Amino acid sequence: MTPAVLNAEASTSNGHANGANGVHAAKKGSLDGFGTRAIHAGSEANEETGAVIPPISLSTTYKQDAIGKHKGFEYSRSGNPNRNAFETTLAALESGGAYALAFSSGSATTATVLQSLGPDAHIISVNDVYGGTFRYMTRVAAENQGLQTTFVDLENADDDTIRAAFRPNTKLIWIESPTNPTLRLIDIPRIVSLARSMPSDPLVLVDNTFLSPFYSSPLLQGADIVMHSLTKYVNGHSDVVMGALVLPAHRAAVAEKLRFLQNAIGAVPSAYDCWLAQRGAKTLHLRMKAHGANALAVARFLQQSPHVEEVIYPGLATHPRNDLAYRSLSPHARVFVDRYVKEHGDEAGGFPYGGMISFRIRGGADEAERFLTSARLFTLAESLGGVESLAEHPARMTHGSIPPAERALLGIGDNLVRLSVGVEEVEDLIADVEQALEAAAAVSKA
Ligand code: P1T
């Protein structure tokens, strides 16, 4: 299989992604910076008409001049111009990526990867994962393919504890970093080197949905597969449900197997959705910078509020893994973050690190609910990563499928609120959070 694209940050003399800890400095004066790739990769002018923006190709099937003689497309589930173009964009955006595969949702992506492991496999998963991922692992794959999952606190567990979780049939390690919703940070190179030392040589997958390819490049840190719910930041406008996998050049065989399953299972996105998401991806770098700057300001505001018990935002200097957050920034995000800190002063010592914040409101379920229903700009809704700000209650919404006892262990309590900070004017967002906190505080006083 030919790589969809080998992007500049990733390619080394042997064509492999960099190994653990491999971080490149962004090149000066090159034509392949992150934002340039977002706009141009997979988006060449149409040869026939000169159209700068690719046309949407809705045809489900393609004419063959003789049997098997065609222009590269046979049937739209197997490939179509919009999906192929968008997959090229994705492979270019996820630094270290060579192959990208798009699916009809993040969850369909999860299902396809786990199905690729075959019957009776064992995986290790970070304990705090998206509720739907937990549900698929424990209630679908466990029943249908005998998948065994050991959930481990990959943030805090020591090496021996993690090694003890490995079995001879451990085929995959599933990482989300930061985790949804408590924003635990996993040291990806550390987990990669532990995986490499185990006889079953499991693949390391990172769900990079929360940070997007802008802030984090797990393939440059040695991961084998990156997965995304593109529904979130990559599309960025809350109007497409889609997912993707991206793999480095040296994982061609795994990519081939997944490509086979993408077609055989058929959980593929429509041409129109691919076109929309490709349009969204063109502004990913601009949006992510704005999400990060706004989230940092909102997190700082929350931190000094008497109505807030705890703020979780890894970009805050007070976050216990703030050093790891900085170390794990992608090369292009590091350039942005360093410049941002220099230009904006660094009194509080934080930096922009994506748009997601979780916080514990003083009080309990009632205060949390009053905050959520009082906010005007932060819409009470599931999902994240759109230009508009959203807020939700993980315990009763996105993580409701996790049993209460496990939720309690993970810290997903009744007073936990999750914010997806959008790109509205930051003063308006802060004013909204302030008035919603006041409204929530009035519940306790009543
Ligand atoms: O919703 P879907 O496109 O199927 O993606 C699932 C998914 C996978 N991984 C992560 C980290 C996610 O956050 C999600 C979806 N999450 C939400 C809908 C949410 O509000 O958290």
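I'll start with one pair of side chains: Arg-163 and Asp-160 meet in a salt bridge, 3.1 Å from N to O. The model is a predicted one, and that applies to everything I say today. Both residues sit in helix α5, which covers residues 159-165. They are 3 residues apart, about one turn of the helix. Arg-163 is partly exposed, at 35% relative accessibility, and Asp-160 is exposed, at 54%.

Before going further, a word on confidence. The protein chain has an average pLDDT of 92, and 92% of the residues score at least 70. The stretch to be careful with is residues 10-28, where the pLDDT is below 50. In the model that stretch has 38 contacts beyond near neighbours in sequence. Where pLDDT is low, the predicted coordinates should not be read in detail. I will leave that stretch there.

Back to the salt bridges. How many are there? The count comes to 14. I'll show a few of them.

Lys-63 and Asp-65 form one, with their closest N and O atoms 3.1 Å apart. Lys-63 counts as exposed, with 69% relative accessibility. Asp-65 is partly exposed, at 48%.

Next, Asp-128 and Arg-184, with 3.8 Å from N to O. This pair links distant parts of the chain, the two residues being 56 residues apart. Asp-128 is in the loop between β2, residues 122-126, and α4, residues 131-145. Arg-184 is in the loop between β4, residues 170-176, and α6, residues 188-196. Are these two buried or exposed? Asp-128 is buried, with a relative accessibility of 0%. Arg-184 has 15%, and it counts as buried because the cut-off is under 20%.

There is also a network. Salt bridges link Arg-196, Asp-201, Asp-224 and Arg-251.

Now the ligand. Which residues come nearest to it? There are 18 residues around the ligand, and the nearest are Ser-107, Asp-207, Thr-231, Ser-383 and Arg-418. Several polar contacts can be pointed to on the screen. Thr-231 has a polar side-chain atom 2.7 Å from an oxygen atom of the ligand. In Asn-180, an N or O atom of the side chain is 3.0 Å from a ligand oxygen. For Ser-383 the backbone is involved: one of its polar backbone atoms lies 2.8 Å from an oxygen atom of the ligand. As for cover, the ligand taken alone exposes 470 Å², and the protein buries 93% of that.

Let me follow some of these residues outward, starting with Ser-107. Ser-107 lies in helix α3. That helix runs over residues 106-115, and 8 of its 10 residues are buried, so α3 is largely enclosed by the rest of the structure. Among the buried ones are Gly-106, Ala-108, Thr-109 and Val-113. Ser-107 itself is partly exposed, with a relative accessible area of 43%. At the start of α3, a side-chain oxygen of Ser-105 comes within 3.3 Å of the backbone nitrogen of Ser-107. One more distance: Gly-97 is 10 residues from Ser-107 along the chain, and their C-alpha atoms are separated by 21 Å.

Next, the part of the chain around Asn-180. The peptide bond from Asn-180 to Pro-181 is cis, with omega near 10°. Another cis bond runs from Ser-177 to Pro-178, with omega near -5°. Where are these prolines? Pro-178 is in the loop between β4 and α6, and Pro-181 is in the loop between β4 and α6. Arg-184, from the salt bridge with Asp-128, is in that loop as well.

Then Ser-383, which is in the loop between β10, residues 379-380, and β11, residues 390-392. Its phi is near 80°, a positive value in a residue other than glycine. Ser-383 counts as partly exposed, at 26% relative accessibility.

A second residue of that kind is Ser-212, with a positive phi of about 70° although it is not a glycine. Ser-212 is found in helix α7, residues 212-215, and is buried, at 1% relative accessibility.

Why mention these angles and bonds at all? Because most residues other than glycine have a negative phi, and most peptide bonds are trans.

That is what I have on this model.

Definitions and conventions. Residues numbered from 1 in each chain as written. Heavy atoms only, no water. Salt bridge = Lys/Arg side-chain N within 4 Å of Asp/Glu carboxyl O. Buried < 20%, exposed > 50% of the residue type's maximum accessible area, 1.4 Å probe, protein only. Helix = DSSP H or I, 4+ residues; strand = E, 2+ residues; numbered from the N terminus. pLDDT = per-residue confidence, 0-100. Contact = heavy atoms within 4.5 Å. Near = heavy atom within 4 Å. Polar contact = N/O pair within 3.5 Å; in protein donor to acceptor, adjacent residues only side chain to side chain. Areas by Shrake-Rupley, 256 points an atom, 1.4 Å probe, with all protein chains shown as cover.
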